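Please open the model in your viewer and keep the sequence panel beside it, since each stop on this tour begins with a selection.

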Amino acid sequence: MRVLEIDHPLVAHKLTVLRNKETHSSVFRLLADELVTLLAYEATRNVAVAPVEIETPVTPMTGTKLTNPKPMVVPILRAGLGMLHGLTTLLPTAEVGFLGMVRNEETLEVTTYANRLPDDLTGRQCFVLDPMLATGHTLIASVNYLHERGAKDITCVTLLSAPEGLRTLEAAIGEDVDLTVVTAAIDDHLNEKGYIVPGLGDAGDRLFGVVD
């Protein structure tokens with residue numbers, strides 16, 4: 001498993017504003033969108049491409065195009081929706097699938113409640129969007145779900161990651177999956193409730209408001 005923690009002043013600046021508890025949801029959504037676009041630049045560095053012959057106004061040349069099958073972007077509901085536009089801005093030809101996963105706050109176990117994905121993902125590069133890699137259980141379940149459908153090249157894009165979650169994810173995912181994690185920051189630790197410290201709170205609530 002490869003882990004890319006993006007060291008860039010714009011990433012650090014936007015993430016600092018996201019962490020601030022005084023940041024309003026409208027600003028949070030806007031900055032999360034901008035931040036994901038910056039992360040997407042690194043996340044798509046190894047996207048599959050092929051040569052293509054074209055003619056410029058001056059001369060024929062060999063250019064580059066994305067290959068088929070198209071990449072699949074998979075936001076994890078609901079918080080991952082706040083990251084979708086930021087990645088598809090950079091990768092507009094990608095197709096989008098959805099996974100709904102919920103974590104039991106007492107046991108930290110993850111269950112799948114919604115799926116909108118092709119049955120066969122063989123040969124597809126998949127980009128999983130989830131703001132927080134905390135315990136790692138949600139991403140483990142997501143990666144396994146995609147792998148069971150044939151995906152072997154999977155990149156997880158997160159705003160924040162906890163070292164415990166990264167270790168758990170690496171231990172749980174076998175070598176059959178070419179797995180990359182791209183994150184804006186690796187924070188200090190998880191607290192007793194499974195929240196990232198210093199973190200930024202509940203990303204879903206801060207993006208979309210509290211749902212009772």
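**Starting from L87**

In this predicted model, begin by selecting L87, which touches V36, A40, V73, F127, L129 and V157 when residues up to four places away in sequence are not counted. Keep L87 selected and add L15, L18, L35, L39 and L200, for these are the residues that touch the most other members of the largest nonpolar core, a set of 34 residues. To see where that core comes from, colour α1 (9–19), α2 (25–43), α3 (81–90), β8 (125–129), β10, β11 and α6 (203–208), each of which supplies at least two of its residues; the largest contribution is that of α2, with 8 residues. A second core, separate from this one, has 25 residues, and I76, L121, V128 and A151 are among them.

**Along helix α5**

Next select residues 163–172, which form helix α5, and highlight its buried residues, P163, G165, L166 and L169. If you look down the axis of α5, these buried residues fall within an arc of 160 degrees, so they line one face of the helix. Which elements do the buried residues of α5 pack against? Their partners are β1 (2–5), β9 (132–133), α4 (137–148), β10 (153–161), β11 (178–186) and β12 (189–190). On the face of α5 turned away from its buried side, you will find the exposed residues R167 and A171.

**A patch on the surface**

Finally, select M1, V3 and I186, which make a nonpolar surface patch of about 190 Å². M1 lies in the segment before β1, and because its relative accessibility is 33%, M1 counts as partly exposed.

Note on methods
Residues numbered from 1 in each chain as written. Predicted model: local features only at pLDDT ≥ 70, side-chain atom pairs only at ≥ 80, totals over all residues. Heavy atoms only, no water. Buried < 20%, exposed > 50% of the residue type's maximum accessible area, 1.4 Å probe, protein only. Helix = DSSP H or I, 4+ residues; strand = E, 2+ residues; numbered from the N terminus. Arc of directions from axis to C-beta. Contact = heavy atoms within 4.5 Å. Patch = residues over 30% accessible without salt bridge, like charges linked within 9 Å, V, L, I, M, F, W, Y side chains within 5 Å. Areas by Shrake-Rupley, 256 points an atom, 1.4 Å probe, with all protein chains shown as cover. Salt bridge = Lys/Arg side-chain N within 4 Å of Asp/Glu carboxyl O. Core = buried A, V, L, I, M, F, W, Y, C linked by side-chain atoms within 4.5 Å.
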